[in-house]
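Please walk through this model with the description below. The account starts with the sheet and then turns to packing and empty space.

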Amino acid sequence: MSTGTTAIGNSAASRDKAHFLHPYTNLKVHETAGPMIVERGKGVYVYDDSGKEYIEGLASLWCVSLGFDNERLVEAAARQMRKLPTYHVFGHKSHDPGIDLAEALIARAPVPMSKVFFANSGSEANDTAIKLIWYYNNALGRPEKKKILSRNKAYHGVTVATASLTGLPNNHRDFDLPIARILHADCPHHYRFAEEGESEEAFATRLAESLEAFILAEGPDTIAAMFAEPIMGAGGVIVPPATYFQKIQPVLKKYDILLVADEVICGFMRTGNYWGTQTFGMQPDILTCAKALSSGYLPISAVMVSEAVYQACVVESEKIGTFGHGYTYSAHPVAAAVALETLKIYDERDILGHVRAVAPVFQRRLKALSDHPLVGETRGTGLIGALELVADKATKQPFEPVGMAGARVNGLCQENGLISRAMGDSLALCPPLIITEAEVGTMFDRLEKALDAAVPVLKG
């Protein structure tokens, strides 16, 4: 039997190369390089199959808020598995974990919300939001008001619709994306796109003016909603310029355009408030969340909707006879039970207070890297941040080819016992929220070693 690669060995790495199709991976390189196999985790650390220790500086893709060995979450899953291991919520069925979690999320919402719909990933949550927006406008008799705004460098998922929202070229190339009715507005990255001498506030004003001109050119009666991450995560941890949301939201309201806050990364204390929405003064009509909702322990996501959006769904479902959307695993009882326990731990352990105590140390160490010869910009808020590598600090000239420097430094981080993530030539850090000041110090010490080791390689 052909495997499409080389002969299969007995090692896990060999079997991985033979059978496993990996996301976000250079598949040709993987046939030779193979995987790093992570065997176990404890606190903010993970360990590979040789026993080497790593600080998980990206919280396993922005997820693991409570670390890798929280026994309460394990027990919550086990208890629910014994009681009701699975069930659906179609056709008027429900269960306690789903009900309790919906109630808990509505109570914690940053703005008044009416109902919660559950899915299994951030991509599914945002995909659901798109469908709800179209459904909403059909209910209001506005069949032409269907275009959806995103932003260049945004990330909203990888389904056909959400990958179209995502404003990153490699998510579109050769997938025949984006689909129709998805538009991309300006990226709010001051370092890269501000004019010479332009303040953050002036840049934000220009972006709001540009957004309004874009809406008018497309036709306000054709634009339904705008999706926005409080901080643009996978696009490079891009923090909005001062006054940005205060200036674009009146534009959206002027033309009756809904705002969707994508809190998949920023939600649950990451930015120093319970929601990134609160950190940046957003007033969304729909809010999506995932990842830290269950500390990444089980797949679950949520879509919170305003009363106006919910009532439109009621009208259409009455007309059609059903609300024809949902997933087999929506509000899966085990995932919901773990998410509910996660929220309880956040409250009981005052994780928000801990983040606010540790974040200044994190941001201070991050900002200090601005002086490093390879670093053009550092940016972040709370316990999320990134640094951007440049060939020339004065001109902001990137390394060529783009992405080479980021990959090199990311590899050196791993050699030094730190897992980070390179996004082009930006290197992101987003550690578990439980990280201590001492562990923050260790994380940045390892990052600095990697950057120093990269200087002779990149500067030659």
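Contact here means heavy atoms within 4.5 Å. Axes are lines fitted to C-alpha atoms, for helices over the stretch in contact, and angles run from 0 to 180 degrees between N-to-C directions. Helices (H or I, at least four residues) and strands (E, at least two) are DSSP runs, numbered from the N terminus. In these terms helix α10 (residues 244-254) lies across β5 (147-151), β7 (223-228) and β8, and runs at about 165 degrees to β7.

The model is predicted: local features need pLDDT of at least 70 and side-chain atom pairs count only at pLDDT 80 or more, while totals for chains, interfaces and linings use all residues. Residues are numbered from 1 along each chain as its sequence is written, and side-chain values use heavy atoms, with hydrogens and water left out.

The strands under α10 belong to an open sheet of seven strands with mixed pairing, in the order β4-β10-β9-β8-β7-β5-β6. β4 (115-119) and β6 (182-185) stand at the edges, each with a single partner strand, so one side of each has no neighbour in the sheet. From one strand to the next the twist averages 20 degrees. Two strands count as paired if DSSP finds at least two bridges between them. β7 and β8 pair in the parallel sense over four bridges, and Met226 stands opposite Leu259 in β8. On to β9: three bridges join β8 (residues 258-262) to β9 (residues 286-289), and these two run parallel. Here Asp262 stands opposite Thr288 in β9.

How many of the residues of β8 are buried? Buried means under 20% relative accessible area, exposed over 50%, and partly exposed in between (1.4 Å probe, protein chains only). Five of the five residues of β8 are buried. In a regular strand the side chains alternate between the two faces of the sheet. Leu258, Val260 and Asp262 point one way from β8, and Leu259 and Ala261 point the other way.

A nonpolar core is a set of buried Ala, Val, Leu, Ile, Met, Phe, Trp, Tyr and Cys residues joined through side-chain atoms within 4.5 Å. The largest has 103 residues, and those with the most contacts inside it are Leu101, Leu105, Phe268, Leu293 and Leu447. Helix α13 (residues 333-348) gives the largest share of this core, nine residues. Leaving aside neighbours within four places in sequence, the contacts of Leu293 include Leu101, Leu105, Phe268, Ala339 and Leu343. Another core, of 26 residues, lies apart from it, with Phe117, Ala129, Leu132 and Tyr327 among them.

Empty space was searched on a 1 Å grid over the protein atoms alone: a cavity is a set of points where a 1.4 Å probe fits but cannot get out, and a pocket is an open set with protein on both sides within 12 Å along at least five of seven lines; lining residues have an atom within 4 Å of a point. Grid points are joined across faces, edges and corners, and a volume is the space filled by probe spheres set on the points. The second largest pocket has a volume of about 980 Å³. Of its 30 lining residues, Val89, Val116, Phe117, Phe323 and His325 lie nearest its centre. The elements that give two or more residues to this lining are α5 (96-108), β4, β10 (301-305) and α12 (307-320). The largest cavity holds about 50 Å³ of space, and Met226 is among its lining residues, along with Arg151 and Tyr244.
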